[in-house]
Amino acid sequence: MAMPNPRTVLTSAPSPPAGCSSSTTSWSAPAEFMAPAPPSPSDGELLRSLHRLARDLSAAAETPAPFLRGALAPITRRSRLLAAAFDDLVLCAAAAGGDMPRSASLCLREVLLVLQRFKALAADCAARSRMQLLLQSDEIEEEVRELHQDLATLLDLLPGVELGLADDVIDLLDLASRQCRRFAPSVSVQAEQALKARVLSLIQEIEREIVPERERLREILEEVGINDTATCGEEIESLEREIGDRASERWTDAMIALVGLLRYAKCVLFSATPRPPSDSKPDPEVDEEGEPPAPPPDFRCPITLDIMREPVVVASGQTYDRDSIFRWFDSGKSTCPKTGQVLTVLELVPNKALKNLIAKWCRENGVAMESSEASKSEPAQAVAANKAALEAARMTASFLVKKLSISFSPDAANRVVHEIQLLSKSGADSRAFVGEAGAVPLLVPLLYSEDAGLQLNAVTALLNLSILEANKKRIMHAEGAVEAVAHILSSGATWRAKENAAAAVLSLASVHTYRRRLGRNLSIVEKLVHLVRTGPTSTKKDALAALLSLVGERENVGKLVDAGVAQAALSAISEEETAAAVLAALAKRGGAEAIVGIDGAVARLVAEMRRGTEWARENATAALVLLCRRLGARAVTQVMAVPGVEWAIWELMGTGTERARRKAASLGRICRRWAAASAADGERGSVCPAASSVVPPAMMAS
């Protein structure tokens, strides 16, 4: 028979699966850098690809969404028929020398495209949340129907006789074509639409502040394929990721509401068992292994060496954390920090694939993964405007706090507190609901628990709650709360618990009156200093940040100096950039004498000015300027006695941040005046050796 050109059937490249945009690529290479189109595969390669693809589709795992099995299962059955037919076709082509009639070759190439679209659709469905699949089920059904019709048309056009296929193989292809044409999942579509209507009805009831019936909620979730804590938790994470990625603008409001509904269901219907803390150790004071596992090198920002929260790609192709590269550009630089390449375009492209890998690693290793505020602001606003999500969060908070009040065993309390800390991490409204429900007084006694997991969850919940201003007041006014936090700082069962307690102090100290109160608490101050001296890296970082906040209050400086903050910060100055900021703040508010009185303190600050991070360099320089201004010749003499200090100042004036350059210029002027005074006094033979050292020309300028 005459063979029409199959390209009149399918003339375009495979379209993306339902719900995906075909214009998601953020950047394309210029034409001169585009690789040439790959050569068309030979007929033999084409047949092997078809056979392999059909075999893969026939062995594909079932979709996790039971309501879609009626639509996707036929793909597996058709693929089994095609795999058998292609098996015979490979043998026939080999016997004929590997070449096929041109019409058959063109037709089979289009069949390959259709099967690739089937595979992409199945993979996309497997990667998406069940709830999003349900909301978009009609679009998916339509996509599957169109693919079946395209495949049926192509199988009808395939010249089986010309290819030398046996009659039974031709019958297989005819059977596959008839089955594709008969594909009409009307029954499954009706069931999906009914299930979708019931889910949307639940959302409407919650908007009207109607608490859903437990059995009805359980029945609906089981039909969706959510029947235990694990699947419910995975569904929440998937929905949150899709909301952040704007996977479906049409259904965003419903997806936000469903996150709240699923959190409520997870607490009410399922027994939530938290994963054990990854850093629980019997003797954390001596076991340095308590620190969380180090992330893979590719997950670290090349600038800060910290794990990336918002990885973005610059024009050179290198990936950095958004906040770090912003600070780099804000300092006036327009080069790639890693390669030194000049960037003509400073546009940043989110690296979503890497972000998902980092998030997965963090979940598997129990590492907190907080996105930057910029990335969270829009979803947070959407949640605040979503009445169903707010009411679901209120119901969840009320249920959890009530359950905690009657939980008498550590295991039962741990499950509830774990859910409270997860809920309090999800947004300001959830924190407000948990605080209003009365969680704080119930959490405080749990900080003394001997159960490491319960203690960690309790202090983490308080940390999350403390982010909200109203909850800061609740915590600071709760009986014994400050003492309980101090207990964790000194006797916490894990480093993670101590780290979160230090972070809680930092959060509470953001309020002026609480900063004074915490700074007057000698127990809090001494234990933070001890953490800086003995803790692992992440714990030191949070303890130093808390101390930096406390140093911001002049009245606190005396107690901080007496507790040894200056010595502790100097001991950590080469490890943590915040240490230099603590020293600068101390020097500014009355601690200059204490710093200069420490042997080698000035030399360490000069060393940090030369080799630290950009923020550390500017703070070390600021500290030196303040020491010289506060203490005069006593401090300047020590600065000038450090070999190479003039070159360090000169280098910073040329390469530092704007603030660092200003501070370096100030320090340079101080040193020049001292050098001039020393030279004038030279006839009495009292010139300091440093004064006669070589001074860079830039520093000699007036």
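## A colleague's note on this predicted model

1. Let's start at a loop. E209 sits in the loop between helix 7 (186-207) and helix 8 (214-224). Its backbone is worth a look: E209 is not a glycine, yet its phi is positive, at about 65°. Is E209 buried or exposed? With a relative accessible area of 52%, E209 is exposed, because the cut-off for that word is over 50%.

2. Before going further, a word on trust. This is a predicted model, so check the confidence as you read. The mean pLDDT of the protein is 81, and 83% of its residues reach 70 or more. Helix 17 (residues 439-443) has the highest confidence, at a mean of 95, while helix 34 (residues 697-700) has the lowest, at 42.

3. Two stretches call for caution. Across residues 1-38 the pLDDT stays under 50, and the model gives this stretch 49 contacts beyond four places in sequence. Residues 272-291 also have a pLDDT below 50, with 44 contacts beyond near neighbours in sequence.

4. Now for the charged pairs. Side chains of opposite charge can pair when their charged atoms come close. How many salt bridges does the model have? The count comes to 26. One of them joins R181 and D156, whose closest N and O atoms are 2.7 Å apart. This pair ties together distant parts of the chain: R181 belongs to helix 6 (residues 167-182) and D156 to helix 5 (residues 137-157), 25 residues apart. R181 is partly exposed, at 40% relative accessibility, and D156 is partly exposed too, at 36%.

5. A second pair stays inside one helix. K387 forms a salt bridge with E391, and their closest N and O atoms are 3.7 Å apart. Where do these two sit along the chain? They are both in helix 14 (residues 387-405), and because they are four residues apart, about one helical turn separates them. An α-helix has 3.6 residues a turn, so residues three or four places apart point the same way. The two partners differ in cover: K387 is partly exposed, with a relative accessible area of 40%, whereas E391 is buried, at 7%. And here E209 comes back: E209, K387, E391 and R394 are linked in a network of salt bridges.

6. A third pair is covered on both sides. E553 forms a salt bridge with R515, with 3.8 Å between the closest N and O atoms. E553 lies in the loop between helix 24 (537-551) and helix 25 (557-562), R515 lies in helix 22 (residues 512-520), and 38 residues separate the two, so this pair also links distant parts of the chain. Both E553 and R515 are buried.

7. Don't skip the strands. Three of them form an open sheet in the order 2-1-3, with antiparallel pairing. Strand 2 (319-321) and strand 3 (349-350) are the edge strands, each pairing on one side only. Strand 1 (residues 311-313) pairs with strand 2 over three bridges, in the antiparallel sense. To find one pairing by eye, look at V312, whose bridge partner in strand 2 is Y320. Helix 11 (residues 322-330) packs on the sheet and touches strand 1, strand 2 and strand 3. The direction of helix 11 makes about 95° with that of strand 2.

8. Helix 15 (residues 410-424) is a good one for practising with lengths. Its 15 residues should span 21 Å at 1.5 Å a residue, and its end C-alpha atoms are 20 Å apart, which agrees. Eleven of the 15 residues are buried, so the helix is mostly covered; among them are H418, E419 and Q421. What do the buried residues of helix 15 pack against? Their partners are helix 10 (252-268), helix 14, helix 16 (428-436), helix 17 and helix 18.

9. Finally, follow one residue outward. T460 is in helix 18 (residues 452-466) and is buried, with a relative accessible area of 13%. Leaving aside neighbours within four places in sequence, T460 is in contact with Q421 and N500. Q421 is one of the buried residues of helix 15. Helix 21 (residues 495-508) has 14 residues and reaches 20 Å from its first C-alpha to its last, close to the expected 20 Å. Why call helix 21 largely enclosed by the rest of the structure? Because 13 of its 14 residues are buried.

Technical notes
Residues numbered from 1 in each chain as written. Predicted model: local features only at pLDDT ≥ 70, side-chain atom pairs only at ≥ 80, totals over all residues. Heavy atoms only, no water. Buried < 20%, exposed > 50% of the residue type's maximum accessible area, 1.4 Å probe, protein only. Expected span 1.5 Å × (residues − 1). Salt bridge = Lys/Arg side-chain N within 4 Å of Asp/Glu carboxyl O. Pairing = 2+ DSSP bridges. Contact = heavy atoms within 4.5 Å. Axes fitted to C-alpha atoms, helices over the stretch in contact; angles between N-to-C directions. pLDDT = per-residue confidence, 0-100.
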